[in-house]
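Student: I would like a close look at one helix in this structure. Please go through its faces, its ends and its partners, and then use it as a guide to other parts of the chain.

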Amino acid sequence: MSSSTPEPKRPQLRLRPASLAARWARALHDGFFNGAAYAMPTYFGTSPNRVDPESVWHFATCERTIPSQAFIDHWPPAPMRRRIMDRFLSQSHAEGIEYHYDVSNDFYALFLDRDYMFYTCADFHAPTDTIEQAQRQKADYIMALLDPKPGERIIELGCGWGAMLKHIATAIGDGSNLSGLTLSRDQFDYIGSQMGFAVELADLITHDYGTATYDKIYAIGALEHVRPDSILPLFQRLHAALKPGGWMVQHFFSLNGTDPVPTSMIAAQAYFPGSILSLHGDIRAKAERAGFRITHDSEHDYRPTLRAWFDRLVENRHKAEAIVGVQVVNKYLVYFASSWRFFDLRQASLHRLVLMKD
Ligand SMILES: C[S@@+](CC[C@H](N)C(=O)[O-])C[C@H]1O[C@@H](n2cnc3c(N)ncnc32)[C@H](O)[C@@H]1O
């Protein structure tokens, strides 16, 4: 790179080791202003020492007493939460994506499945399934929903490390009409260097999809990053982008219940700055308003995948620390464990939808 070309912006998880007193002070501050769940990743993530996995898992996933769970669920109170969330949502969505995904491809490879590097919920059919088997089962499930045929134009929104593109290309024996979008430069470089699919470093929310361009569209774990206000206009443009008789498969998790800003969404800002989930009912209603007919809505269990990533990261901890440092590894362990709890409490659920354009 020439000296006049600025270095591409490569945000890292900005965690510096801090003394126990400083971590407590920060935890109390964060706990008061942003809630207890938000304080946890920073507290553990700034530990100068590696956290004990069993203690983290237990701390994040154990049953709480009724008063302590009520505090986690209701502090800060709803009007304050909305103001806090407005502040978080004023952050750049695109930078938030980089912040989470551009940590290091080699780091992600240490805990994701070795065949594909899917970073989304897998299908465990039995407790003895490996993450590799479970991701293949998920990929087969999505293949059945998408039913891709050679020659069809298909785009993946938020294509990660190219896992599903690879699975489809292998199954139909042709990858030339497959394309994808990602906002992560690391993922974009990885797919370009290893696979050669037509992948663009572009924002799926503002991308120009054209009219009647695609036979099929799918997204696996990307709708979570689209803010509620952007869902309807995005669905309308995706509806227009499909050929008549085409369809879209959406795999995503969304909030159960009716509160659009639960405390968990503030906590999530520690991992995905600038992203907020939608209510499941709202997503379905917006899909229908955009003109889609919902022909499939299945629910799947994210917990075994989170546990498998946690275990594999623990297994590869030394290598991971050598790449990203102790603090980032600590933070991901807390992330997997607290996400497990989030699904266990049924605050959110993973769904797969098929949306038809008649
Ligand atoms: C959880 S990962 C899932 C990746 C992949 N689909 C998989 O199953 O492993 C979410 C993906 O969505 C992408 N993404 C999120 N928001 C995006 C946006 N606005 N534009 C393009 N890509 C986005 C991320 O870069 C990442 O590739």
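Tutor: What follows starts with one helix and then turns to a few other helices and loops.

Keep in mind that this is a predicted model. The helix to look at is α8, residues 131-146. Begin with its length. α8 has 16 residues, and at 1.5 Å a residue it should span 22 Å. Its end C-alpha atoms are 22 Å apart, so the expected span and the model agree.

Now the faces. Which residues of α8 are buried? They are I131, A134, Q135, K138, A139, I142 and L146. Note that the list includes Q135 and K138. Look down the axis of α8: the buried residues fall within an arc of 140°, so they line one face of the helix. Turn to the other side of α8, and you find D140 and A144 exposed.

What does the buried face meet? The buried residues of α8 pack against two helices, α9 (163-172) and α14 (303-315). They also pack against two strands, β4 (214-220) and β5 (242-255).

Take α9 in detail. The axes of α8 and α9 come within 10 Å and cross at roughly 65°. At that angle, α8 is therefore roughly perpendicular to α9. The crossing is right-handed. From α8, the contact uses A139, I142 and M143. From α9, it uses M164, H167, I168 and A171. A139 and I142 are also on the list of buried residues of α8.

Next, the two ends. Just after α8 comes D147, with a positive phi of about 45°. On the other side, the loop between α7 and α8 holds F124. Is F124 buried or exposed? F124 has 22 other C-beta atoms within 10 Å; 20 or more count as buried, so F124 is buried. Beyond its neighbours up to four places away in sequence, F124 touches D129, A134 and P304. A134 belongs to the buried set of α8. F124 and Q135 are 11 residues apart along the chain, and their C-alpha atoms are separated by 8.0 Å.

Compare a second helix. In α10, residues 185-194, the buried residues are Q187, F188, Y190 and I191. They cover an arc of only 165° around the axis, so they sit on the same side of α10. Their packing partners are α6 (93-101), α7 (105-109), β2 (178-182) and β3 (198-201). Just after α10, G196 takes a positive phi of about 80°.

Now a second helix pair. Two packed helices are described by the angle between their axes and the distance between the axes. Helix α2 (residues 36-45) packs with helix α16 (residues 326-344) at about 150°, and their axes are 7 Å apart. That angle makes α2 and α16 roughly antiparallel, because angles over 145 degrees count that way. Their crossing is right-handed. α2 brings A37, M40, P41, F44 and G45 to the contact. α16 answers with Q327, N330, K331, V334, Y335 and S338.

Finish with the loops. Most residues other than glycine have a negative phi, and most peptide bonds are trans. Check the loop between α16 and β7 (348-356), where R346 lies. R346 is not a glycine, yet its phi is positive, near 60°. R346 counts as exposed, because it has 9 C-beta neighbours inside 10 Å.

The loop between β3 and β4 also holds a residue of this kind, A212. A212 is not a glycine either, and its phi is positive at about 50°. A212 has 13 other C-beta atoms within 10 Å, so it is partly exposed.

D208 is in the loop between β3 and β4 too. With 8 C-beta neighbours inside 10 Å, D208 counts as exposed. D208 and A241 are 33 residues apart in sequence, and their C-alpha atoms are 9.0 Å apart in space.

One peptide bond deserves a last look. W75 and P76 are joined by a cis peptide bond, with omega about 0°. P76 lies in the loop between α4 (66-74) and α5 (78-89).

Terms used. Residues are numbered from 1 along each chain as its sequence is written. This is a predicted model: local features need pLDDT of at least 70, side-chain atom pairs count only at pLDDT 80 or more; totals for chains, interfaces and linings use all residues. Helices (H or I, at least four residues) and strands (E, at least two) are DSSP runs, numbered from the N terminus. The expected span of a helix is 1.5 Å times one less than its number of residues. A residue is buried if 20 or more other C-beta atoms lie within 10 Å of its own, exposed if 12 or fewer, and partly exposed in between; C-beta atoms are placed from the backbone. The arc is that of the directions from the helix axis to the C-beta atoms. Two residues are in contact if their C-beta atoms, placed from the backbone, lie within 7 Å. Axes are lines fitted to C-alpha atoms, for helices over the stretch in contact, and angles run from 0 to 180 degrees between N-to-C directions. Angles under 35 degrees count as roughly parallel, over 145 as roughly antiparallel, 65 to 115 as roughly perpendicular and the rest as oblique. A crossing is left-handed if the near helix is turned anticlockwise from the far one by less than a right angle, and right-handed if clockwise.
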